[in-house]
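This report describes a complex of two chains, beginning with part of a sheet and ending with the contact between the chains. Please look at the sequence and the structure before reading on.

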Amino acid sequence: MSAGTPTPLALVAELTHRCPLHCVYCSNPLEMARRDGELSTETWKRVFREAAAMGVLQADLTGGEPLARTDLTEIIRGARVAGLYASLITSGMPLDEHRLEEIVGAGLDHLQLSFQGTHEDSSIEFGGARPGTYEQKLRVARWVKKHRIGFTLNFVIHRKNLDQLEAMIALTEEIGPGRVEFAHVQYYGWAFSNRDRLLPSRAQLDRSLEILKRAQGRLQGQIRVEYVVPDYYAKYPKPCMGGWGRKVILVTPNGDALPCHAARVIPGLSFENVQNHPLREIWEESEAFRKYRGDDWMIEPCKSCDRRAIDFGGCRCQAHLLAGRAEVADPVCSLSPERPVVDSILAAINDPGAAASDSQVLQGRPEWVYRPNPS
Amino acid sequence: MTPELHKKPRLAAGCRLNEQNQQRVLLMPERALRLNGPSLAIVERCDGTHTVQQIVSDLQRLYSKAEPQKVETDILGYLALLHDERALDFE
């Protein structure tokens, strides 16, 4: 790396935006990549080699549903041959025992399996899934346990499934992965469209954190319990992606290199493509990665803030989504002049009448906005 | 937990030692740990064949200038930490 440019640690490889699920909180952009524009196997292998040469350690193979690509085995092999740690983030839907053996044989290090809840209805309501989805996930979990690979369960949690949290922990103990993530929805992409239905109340959130802390203590040494809190309720913002252009490089299905999943929402940013430029050049030189790297771009209150090296001003995409300007402090920050925007969203959610209006919303308005499949 | 001396620690599923640009790294789900000196000497021996006792003895020889009791305490603490992080199984 040239002086001053940080070394990325993880490559997030969005292999496709095709997916058998239609989750209401999907982090894919509203404009999804088309199948005919997806990168070839050979291009992904080159990107892995270039990433490893830059110091990247891990490849997170995600989507959409990565298993929708028939060349996934070859892609995993390519990541391993390049020297990367290969993680697969999957719904488990298009998987059978034979294909699992094949991808484990190709060198898969770690598989992360997503759940929408602890019963069929949740997969159908929040994932737009067809019947049988939940059973399939349980089958996949049993198959994965037969292999000696890293295994994480991922539960995306929100207002409508938090009452299942204890059942989720019980299911986790029954399955016995090495690690489990309880990720409160983050409000980008499709989740931003469905935010007012997904955002938990303060009481729900507090209770969920108590349950999670207890589980974390009780399962220590058996299952690593990790959780992500919804930052609208936080006092300070999250260090989004570990800082812009600092730890993570994301490559979309058609090869655009982005600093994060949501970066396309920021107007005026243009992204270079791995088909036209080496990954290192994009990371070091491209306008999109340099724009919010470090702290030269900051304005007050971030510019002189003691926390600017801890949270890097929070999330640029969230600043744009909530305040209309990507360079302001993340509006979830209690020091941000834009914080009232977040407070008013929370006030509406926590209004004692909100529960009643919630059911009116359910009756009166079209329901969830489901993520469609790209053509 | 305190590791028992007769147990054989082994890297947990999904964890492996890697080398990149002359730097040894312990790769784990969603995390990575750079290893040097004693931490590397310990993790290299967590292969399911060395007992905790053997690892302690090896390290006491490697670091013969250090107080042997302190070496043992440090190793047991480090193994317990890796276990709690789910990077290690004791077999």
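Which hand does the β-α-β unit made by β3(A), helix α3 (residues 97–105) of chain A and β4(A) have? The unit is right-handed. This answer, like everything below, refers to a predicted model.

**The sheet of chain A**

In chain A, nine strands form an open sheet, and their order is β7-β6-β5-β4-β3-β2-β1-β8-β9. The pairing in this sheet is mixed. Its edge strands are β7 (224–228) and β9 (257–258) of chain A, each of which pairs on one side only. In general, strands of a sheet pair through backbone hydrogen bonds, either parallel or antiparallel.

Several neighbouring pairs can be set side by side. The table gives the sense of each pairing and the number of bridges.

| Strand pair | Sense | Bridges |
|---|---|---|
| β1(A) and β2(A) | parallel | five bridges |
| β2(A) and β3(A) | parallel | four bridges |
| β3(A) and β4(A) | parallel | four bridges |
| β8(A) and β9(A) | antiparallel | two bridges |

Individual residues show how these strands line up. Between β1(A) and β2(A), A13(A) has L61(A) as its bridge partner. Two residues of β2(A) can be followed across to β3(A): the bridge partner of A59(A) is A86(A), and Q58(A) stands opposite Y85(A). Further on, S87(A) faces H110(A), a residue of β4(A). In the antiparallel pair β8(A) and β9(A), V251(A) stands opposite A257(A).

**How the chain crosses between strands**

Strand β1 (residues 10–14) of chain A is joined with helix α1 (residues 41–54) of chain A and β2(A) in a right-handed β-α-β unit. From β2(A) the chain then passes through helix α2 (residues 72–81) of chain A to β3(A), and this crossover is also described as right-handed. The unit in the opening question continues from β3(A) through helix α3 to β4(A).

**Two buried strands**

Strand β2 (residues 58–62) of chain A has five of its five residues buried, so it is largely enclosed by the rest of the structure. In a regular strand the side chains alternate between the two faces of the sheet. In β2(A), Q58(A), D60(A) and T62(A) point one way, while A59(A) and L61(A) point the other way. The residues on both sides are buried.

Why is β3(A) largely enclosed by the rest of the structure? Six of its six residues are buried, and therefore the strand is largely enclosed. On one side of β3(A) are Y85(A), S87(A) and I89(A), and pointing the other way are A86(A), L88(A) and T90(A). These residues are all buried.

**Chain B**

Chain B has three helices and five strands. Read from the N terminus, its elements follow the order β-β-β-β-α-α-α-β. The C-alpha trace of this chain spans about 35 × 30 × 20 Å along its principal axes. A compact globule of 91 residues would have a radius of gyration near 12 Å, and because chain B has 13 Å, its value agrees with that. Of the 91 residues in chain B, 29% are buried. Among contacts in chain B between residues at least 6 apart in sequence, 56% join residues at least 24 apart.

**Where the chains meet**

How many residues of chain B are in contact with chain A? There are 16, and they touch 19 residues of chain A. On the side of chain B that touches chain A, the elements giving two or more residues are β2 (16–20), β3 (23–28) and α3 (68–84) of chain B. Sorted by class, this side has eight nonpolar, five polar and three charged residues.

**Confidence of the prediction**

The average pLDDT of chain A is 93, and 96% of its residues score at least 70. Residues 360–365 of chain A have a pLDDT below 50, and beyond near neighbours in sequence this stretch has one contact in the model. Chain B averages a pLDDT of 95, with 100% of the residues scoring at least 70. For the complex, the predictor gives an ipTM of 0.94 and a pTM of 0.94.

Key
Residues numbered from 1 in each chain as written. Chains lettered and ligands numbered in written order. Predicted model: local features only at pLDDT ≥ 70, side-chain atom pairs only at ≥ 80, totals over all residues. Contact = placed C-beta atoms within 7 Å. Nonpolar A, V, L, I, M, F, W, Y, C, P; charged D, E, K, R; others polar. Pairing = 2+ DSSP bridges. pLDDT = per-residue confidence, 0-100. Rg over C-alpha atoms; globule rule 2.2 N^0.38 Å. Buried ≥ 20, exposed ≤ 12 C-beta atoms within 10 Å, placed from the backbone. Right-handed = clockwise from strand over helix to strand, strands pointing away.
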